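Colleague: Could you walk me through this one, a feature at a time? I'd like to start with the ligand.

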Amino acid sequence: MTRRRWIADEVSGNHAALSGAHADHLVRVLRARVGQEFDISVGAVVRRGRIRAIADHRVDFELAEEVPALSTTDVTLLLAVFKFDRMEWAIEKCTELGVSQIVPVIAGRTDAHLASASPKRAERWRRIALQAAEQSRRRVPPEIADPVKLREAMNTSAGLRIVLAESEQGTSLRDVFATQPHEGDSGDGARTTSVMLAVGPEGGWTDDELQLFPQAGWISASLGPTILRAETAAIAAMAIVMAACSSPFSSSAKVLS
Ligand code: SAM
């Protein structure tokens, strides 16, 4: 039986608590009672939790054994800022699909008004990611970074970095994974790695940016012949990467060499 999962607001030893709107949702909407059991995410682990007290805007849990967790793939999504309602939909869906970190980026063709309004919007994106993480029974929500300029984000870290470009004619995203060397299959076809994906704004990447990416070691990939909206491209790319890198039911993790 899968228990509903909550990400604890407070943890100390074998006790955890939800507070504020979080607790209100559990008590008022889900009508939770003392003695009821849930999965409680406490930092990097998930433990079985039994409600031991309910007070105003607060629910206290007694924590018991650890719940085995599924291994996931480490995917960072550089998401060029675009219309907020559709961007927030992409954040929700990519969280459900298992993204580890979302970095909102200001690209050359990002709308100036959205670019200046985005830093104030980041808290709301984190709330959306937290709710989607709980709904999809993740251990922890993805990290949502503060918006940064594309060039700052483009040159960070190593690992496999893929820019989604509607102008790319040769390599599809699936090809990228089909051609990557890897160590030892776990027999269920599971491969995991750390991947960085970049999805452009509504206006697409500028020619300059499309030259900068390969210079910075990024691989350009296509999602097919049709032009997708930015949110569709982000969700499609996440689904393809998760399918290529990890079996949802595998508990073992192998590293791409
Ligand atoms: N300005 C472009 C146009 O109208 O030709 C469309 C940009 S699209 C709305 C936004 C972003 O989604 C692109 O920058 C790219 O990252 C991604 N994208 C959309 N369709 C794609 C495709 N077929 N292959 C790869 N990436 C795609």
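Modeller: Sure, and keep in mind that this is a predicted model. Start with who lines the site: 20 residues surround the ligand, and the closest are Leu164, Gly200, Leu223, Gly224 and Thr226.

Colleague: Which residues have a backbone N or O atom at 2.7 Å or 2.9 Å from a nitrogen atom of the ligand?

Modeller: For polar contacts, look for N or O pairs within 3.5 Å. Here Thr226 puts a backbone N or O atom 2.7 Å from a ligand nitrogen, and Leu228 does so at 2.9 Å. Glu202 joins in too, with a polar backbone atom 3.3 Å from a nitrogen of the ligand.

Colleague: Now the sheet. What is the strand order?

Modeller: Read a sheet by its order, then its edges. This open sheet has six strands, ordered β1-β4-β5-β6-β3-β2, and the pairing is mixed. At the edges are β1 (5-7) and β2 (10-12); each has a single partner strand, so one side of each lacks a neighbour in the sheet. From one strand to the next, the twist averages 35°.

Colleague: How do β2 and β3 run, and how many bridges join them?

Modeller: They run antiparallel, joined by three bridges. Val11, for instance, sits opposite Ala16 of β3.

Colleague: Which helix packs on the sheet?

Modeller: That's α1 (residues 20-29), which touches β1, β3, β4, β5 and β6. Its direction makes about 90° with that of β3.

Colleague: And at what angle do α2 and α7 pack?

Modeller: For a helix pair, take the angle and the axis distance together. Helices α2 (residues 84-97) and α7 (residues 230-245) pack at about 10°, with axes 9 Å apart. Angles under 35 degrees count as roughly parallel, so α2 is roughly parallel to α7. Among the contact residues are Trp89 and Leu97 of α2, and Ile235 and Met238 of α7. By class, that contact has nine nonpolar, three charged and no polar residues.

Technical notes. Residues are numbered from 1 along each chain as its sequence is written. This is a predicted model: local features need pLDDT of at least 70, side-chain atom pairs count only at pLDDT 80 or more; totals for chains, interfaces and linings use all residues. Side-chain values use heavy atoms; hydrogens and water are left out. Axes are lines fitted to C-alpha atoms, for helices over the stretch in contact, and angles run from 0 to 180 degrees between N-to-C directions. Helices (H or I, at least four residues) and strands (E, at least two) are DSSP runs, numbered from the N terminus. Angles under 35 degrees count as roughly parallel, over 145 as roughly antiparallel, 65 to 115 as roughly perpendicular and the rest as oblique. Contact means heavy atoms within 4.5 Å. Ala, Val, Leu, Ile, Met, Phe, Trp, Tyr, Cys and Pro count as nonpolar, Asp, Glu, Lys and Arg as charged, and the others, Gly among them, as polar. Two strands pair if DSSP finds at least two bridges between them. A residue is near a molecule or strand if one of its heavy atoms lies within 4 Å of it. A polar contact is a pair of N or O atoms within 3.5 Å; within protein, one must be able to donate a hydrogen and the other to accept it, and residues adjacent in sequence count only if both atoms are side-chain atoms.
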